[in-house]
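Please open the structure in your viewer and keep the sequence panel beside it. The tour below goes from selection to selection, with a short account of what is there at each stop.

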Amino acid sequence: MLQYRAIVHRGDGQFWIELPDFPEITHHGLLTEEDPADAAAECLADAILLRLFEKEPLPEASPLPAPGDRAEEEFLVAPLRRDQPQAA
């Protein structure tokens, strides 16, 4: 499964997402309106689609740092698009 690092930063009821392997992609949101993990998956899907559309190679996924060295909310995320029709 294709997975990349995501880092969620929280503050004042808001969050922003950083994808270290895709520095051109960031996302800001409200904690009351969306789940940061879901938003990270959607951002990653958008980043991959953009790279494919531009015929640019996908970066190699960087590993998660050791537990003592990683951000509080740093995790691996797989690409996911929620705006696709759901199968019945």
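Rings of Phe, Tyr and Trp, the last through its six-membered ring, are taken as a pair if their centres lie within 6.5 Å, and planes over 60 degrees apart count as edge-to-face. Keep in mind throughout that this is a predicted model.

**Stop 1: the aromatic pair**

With that criterion, a search of the whole structure finds one aromatic pair. Select Y4 and F22, whose ring centres are 4.9 Å apart and whose planes stand at 75°, so the pair is edge-to-face. Because Y4 belongs to strand β1 and F22 to the loop between β2 and β3, the pair ties together parts that are 18 residues apart in sequence. Are these two residues buried or exposed? Y4 has a relative accessible area of 2% and is buried, and F22, at 0% relative accessibility, counts as buried too.

**Stop 2: a proline in the loop**

Stay in the loop between β2 and β3 and select P23, which is also found there. P23 is exposed, with a relative accessible area of 65%. If you add L49 to the selection and draw a C-alpha to C-alpha distance, P23 and L49 are 15 Å apart in space, with their positions 26 residues apart in sequence.

**Stop 3: the sheet**

Now show the strands as a cartoon: four of them form an open sheet in the order β3-β2-β1-β4, with antiparallel pairing. β3 and β4 (74–77) stand at the edges with a single partner strand each, so one side of each is left without a neighbour in the sheet. Neighbouring strands are turned by 30° against each other on average, direction ignored.

To follow the pairing across the sheet, begin with β1 (residues 4–11) and β2, which are antiparallel over five bridges; here H9 stands opposite W16 in β2. The hairpin that these strands make has two residues between them, and D12 takes a positive phi near 55°. On the other side of β2, five bridges again join it in the antiparallel sense to β3 (residues 26–30), where H27 is the bridge partner of I17. Finally, β1 and β4 run antiparallel and are joined by four bridges, with R5 opposite L76 in β4.

**Stop 4: the two faces of β2**

Which side chains of β2 are buried? Select residues 14–18 and turn on their side chains: F15 and I17 point to one face and are buried, whereas Q14, W16 and E18 point to the other and are not.

**Stop 5: helix and core**

Next, bring in the helix α1, which lies across β1, β2, β3 and β4 and runs at about 55° to β4. The largest nonpolar core has 16 residues, of which I17, L19, F22, I25, L44 and V77 touch the most other members. β1, β2 and α1 (36–53) each supply at least two residues of this core, and the largest share, seven residues, comes from α1. Selecting L44 and what surrounds it shows contacts with Y4, L19, F22, V77, A78 and P79, once neighbours within four places in sequence are left aside.

**Last stop: confidence**

Colour the model by pLDDT before leaving. The protein averages 87, and 91% of the residues score at least 70. Confidence is lowest in β4, at a mean of 86, and highest in β2, at 94.

Key
Residues are numbered from 1 along each chain as its sequence is written. This is a predicted model: local features need pLDDT of at least 70, side-chain atom pairs count only at pLDDT 80 or more; totals for chains, interfaces and linings use all residues. Side-chain values use heavy atoms; hydrogens and water are left out. Buried means under 20% relative accessible area, exposed over 50%, partly exposed in between (1.4 Å probe, protein chains only). Two strands pair if DSSP finds at least two bridges between them. A nonpolar core is a set of buried Ala, Val, Leu, Ile, Met, Phe, Trp, Tyr and Cys residues joined through side-chain atoms within 4.5 Å. Contact means heavy atoms within 4.5 Å. Rings of Phe, Tyr and Trp (its six-membered ring) pair if their centres lie within 6.5 Å; planes under 30 degrees apart count as stacked, over 60 as edge-to-face and the rest as tilted. Axes are lines fitted to C-alpha atoms, for helices over the stretch in contact, and angles run from 0 to 180 degrees between N-to-C directions. pLDDT is the predictor's confidence in each residue, from 0 to 100.
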